[in-house]
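Subject: Structure for your attention, with notes

Dear colleague,

I am handing over the structure below, together with an account of what was found in it. Please read the notes with the structure open beside them.

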Amino acid sequence: MRYTLTFSWLDEQLIHVAIEATFSTAESIWRIPLWRPGRYALQDYPQNIQDFEVEDVAGNPLEWERISMHEWRVLGQVGKSYKIQYKYFANQLDAGASYLQDDLIYVNGINLCMYEKGIEDQPCELSLHLPKDFVLGGNTLSTTSHPFKSYHALVDTPFLAAKQLDIYEFDVEGLKVNLTLAGGELPDLEQFQGELSLIIRNQLKIFGSIPTKVYTFWVILLPESFRHGVEHQDSTVIVMGPAHSFSRKLIYQSFLEICSHEFFHVWNVKAMRPKDLNPYDYSVAQYSKLHYITEGITTYYGFYTLLRTRICSFSDWLEMANQELKKFALSGGGAFISLTEASLNSWVNGYHLKGAPNRRISFYTKGHLVALLLDFLLRRASNHAVSMDKVLFELYEMSRKNGGAFKEEDFSGIISSLELIDYTAFYRQYISGIEDLTPLLEKFAQFIGLVLVAKPYPSVSESLLGVKVREEELRGRVVVENFLPMLTDTMGLMREDELVAFGGNKILGNWKDLLLSYRGVKGVSLHVFRMGKLRELTLDVPDAFQFSYVQFAMSLNPSSDQLENREKWASYR
């Protein structure tokens, strides 16, 4: 197969795709992927395809028909060559999509490159016809014909081209690193390259070797707030903003963390991948229970690497960890959904889809916390002689011997063989189970000189009543959005109730103040509109906050043992 991408319709954001192939049978089935690695949810790529046509080498049209939402059947003679052509509408700017504008081209091939069913492992070629004055970034592609060992390799090689790209190259431990920037500049490039080198070196120490000789950081800088990254075997694409705020420590550290996270994927999920995902099948939802490994552990090391390299301080790490604790608490599903179930649910209600209230958690966030606790337990049991580093090294070495794939029992078997902790119980409680993490978080806190403190929920309404509301600025409405999962009595309220009066006072941008003014008062009248009809309820308002979640805080008097544990944990060895 030979793919040719032409970019003659930048204003219309259309990519012309031509695929040259030969009939091996009289009927060929062509598919556009339904999902992409790195995001385990169905995508809408088929809706972006238009003007599909097929012709033979003489330009004569061939018979074809669309047979499903993502499949086309093409008819012809065995041994004859033919060409498929279509246009792809590329107007979504994030790290996993494809996007065109008058001065920027970003292509993630899995969005727009069809493949013939059954020959994904065969070699293919790619040619690019770029507009005049456009520069191609990176260090792996050329504008002339570029060979790939398979379709999988083709769609795992994204690229940027633009009228203005900043391209830098440097070496780290024998790895040729390319940094291609579009849309702006970094405030201190030399500092960033130095810190990126520290991240690479630190993660390389864990695994001992790296499965690629070149690696590209494709970075698109935006003027507005945005943050998204996607991993590939030899590269990552990161879309980040606001670029003008990179001088602010937290935003810049967030950028470094996503670089750290995505680079860690070179090993975890690219070089070693759950057997459920190896090989990839882009035509169906490909389920795995192991995203607590692929994404949870990666998220842990994304933050952790910054601490170990001293790019961020312990207090900076603490702030990031507390953000994770907050996200986990606010997700609402921790008492109902396990990590393994959350992995499977990514295809149903993962990522930004809400689904049923209080029945969703992020395997990134809880997976991060569980990885932290597992690392802690191994370190405590071995006086820091054994950690998650060893587990990952062993898993990587095992996967290399098994075609890059691992099973859940491989991971559990490595930990159990260490004979340091009861991993079977840990798995049952915190990975396949829904046991509260708080007691174990408290033990980790004590181990390194921290304490757990109660933090009120973000709004007064949640902290007092357990009721989350949505305040609509444009219309001034206050609407019940959800209830905290631990709330046992909704007090007659229902989701989407519009709160209109409390204690005889009109509710209009003053819900918080009214609640505080009625603290400790029972039987306060509350009028709501429900399905357009006015109803009257009564509320008993507590005199103090009832609902909170846990956060880490510094111990005022940590012991020397705690400080020693903190230092050993925060260092590489």
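In what order do the five strands of the open sheet stand, and is the pairing mixed or uniform? Before the answer, please keep in mind that this is a predicted model.

**The open sheet**

The five strands follow the order β15-β16-β17-β19-β18, and their pairing is mixed. The edges are taken by β15 (166-172) and β18 (226-231), each of which has a single partner strand, so one side of each is left without a neighbour in the sheet. From one strand to the next, the twist averages 15°. At the β15 edge, the pairing with strand β16 (residues 175-182) is antiparallel and extends over seven bridges, and V172 stands opposite L175 in β16. A salt bridge also joins the side chains of E169 and K176, with a distance of 3.9 Å from N to O; E169 is partly exposed, with a relative accessible area of 44%, and K176 is likewise partly exposed, at 36%. Helix α2 (residues 189-207) lies across β15, β16 and β17 (214-221), and it runs at about 40° to β15.

**The nonpolar cores**

The largest nonpolar core has 165 residues, of which Y3, F255, W317, F411 and W569 touch the most other members. Helix α7 (residues 363-382) supplies the largest share of this core, namely ten residues. Which residues does W317 contact, once its neighbours within four places in sequence are left aside? They are F303, L307, C312, L372, F444 and W569. Apart from the largest core lies another, of 27 residues, which includes A329, Y457, V467 and V478.

**Helices α4, α6 and α9**

Helix α4 has 18 residues, and the distance from its first C-alpha to its last is 24 Å, close to the 26 Å expected at 1.5 Å a residue. The helix is mostly covered, in that 18 of its 18 residues are buried. It is followed by R310, whose phi is positive, near 65°.

In helix α9 (residues 408-417), the buried residues are E408, D410, F411, I414 and I415, and F411 is also one of the residues that touch the most other members of the largest core. The buried residues of α9 pack against α4, α6 (339-349), α7, α8 (388-400), β21 (405-406) and α10 (423-431). After α9 comes E419, where phi is again positive, near 55°.

T340 has its place in helix α6. Is this residue buried or exposed? T340 is buried, because its relative accessible area is 8% and the cut-off for buried is under 20%. Not counting residues up to four places away in sequence, T340 touches K289, Y292, E408, Y427, I431 and S432, and of these E408 is among the buried residues of α9.

**Salt bridges**

How many salt bridges does a search of the whole structure find? The search finds 26, and two pairs deserve a description here beside the one already given for the sheet.

E567 forms a salt bridge with R310, and the closest N and O atoms are 3.0 Å apart. E567 lies in helix α14 (residues 560-570), whereas R310 belongs to the loop between α4 (291-308) and α5 (314-331), so the pair ties together parts that are 257 residues apart in sequence. Both ends are partly exposed, E567 with a relative accessible area of 42% and R310 with one of 44%. R310 is also the residue with the positive phi that follows α4.

K468 forms a salt bridge with E481, with 3.4 Å between the closest N and O atoms. Here K468 lies in strand β23 (residues 467-471) and E481 in strand β24 (residues 478-483), so the pair ties together parts that are 13 residues apart in sequence. K468 is partly exposed, with a relative accessible area of 35%, and E481 is also partly exposed, at 22%. Which residues are linked with this pair in a network of salt bridges? The network links K468, R470, E472, R477, E481, E496 and E498.

With kind regards

Terms used. Residues are numbered from 1 along each chain as its sequence is written. This is a predicted model: local features need pLDDT of at least 70, side-chain atom pairs count only at pLDDT 80 or more; totals for chains, interfaces and linings use all residues. Side-chain values use heavy atoms; hydrogens and water are left out. A nonpolar core is a set of buried Ala, Val, Leu, Ile, Met, Phe, Trp, Tyr and Cys residues joined through side-chain atoms within 4.5 Å. Buried means under 20% relative accessible area, exposed over 50%, partly exposed in between (1.4 Å probe, protein chains only). Helices (H or I, at least four residues) and strands (E, at least two) are DSSP runs, numbered from the N terminus. Contact means heavy atoms within 4.5 Å. A salt bridge is a side-chain nitrogen of Lys or Arg within 4 Å of a carboxyl oxygen of Asp or Glu. Two strands pair if DSSP finds at least two bridges between them. Axes are lines fitted to C-alpha atoms, for helices over the stretch in contact, and angles run from 0 to 180 degrees between N-to-C directions. The expected span of a helix is 1.5 Å times one less than its number of residues.
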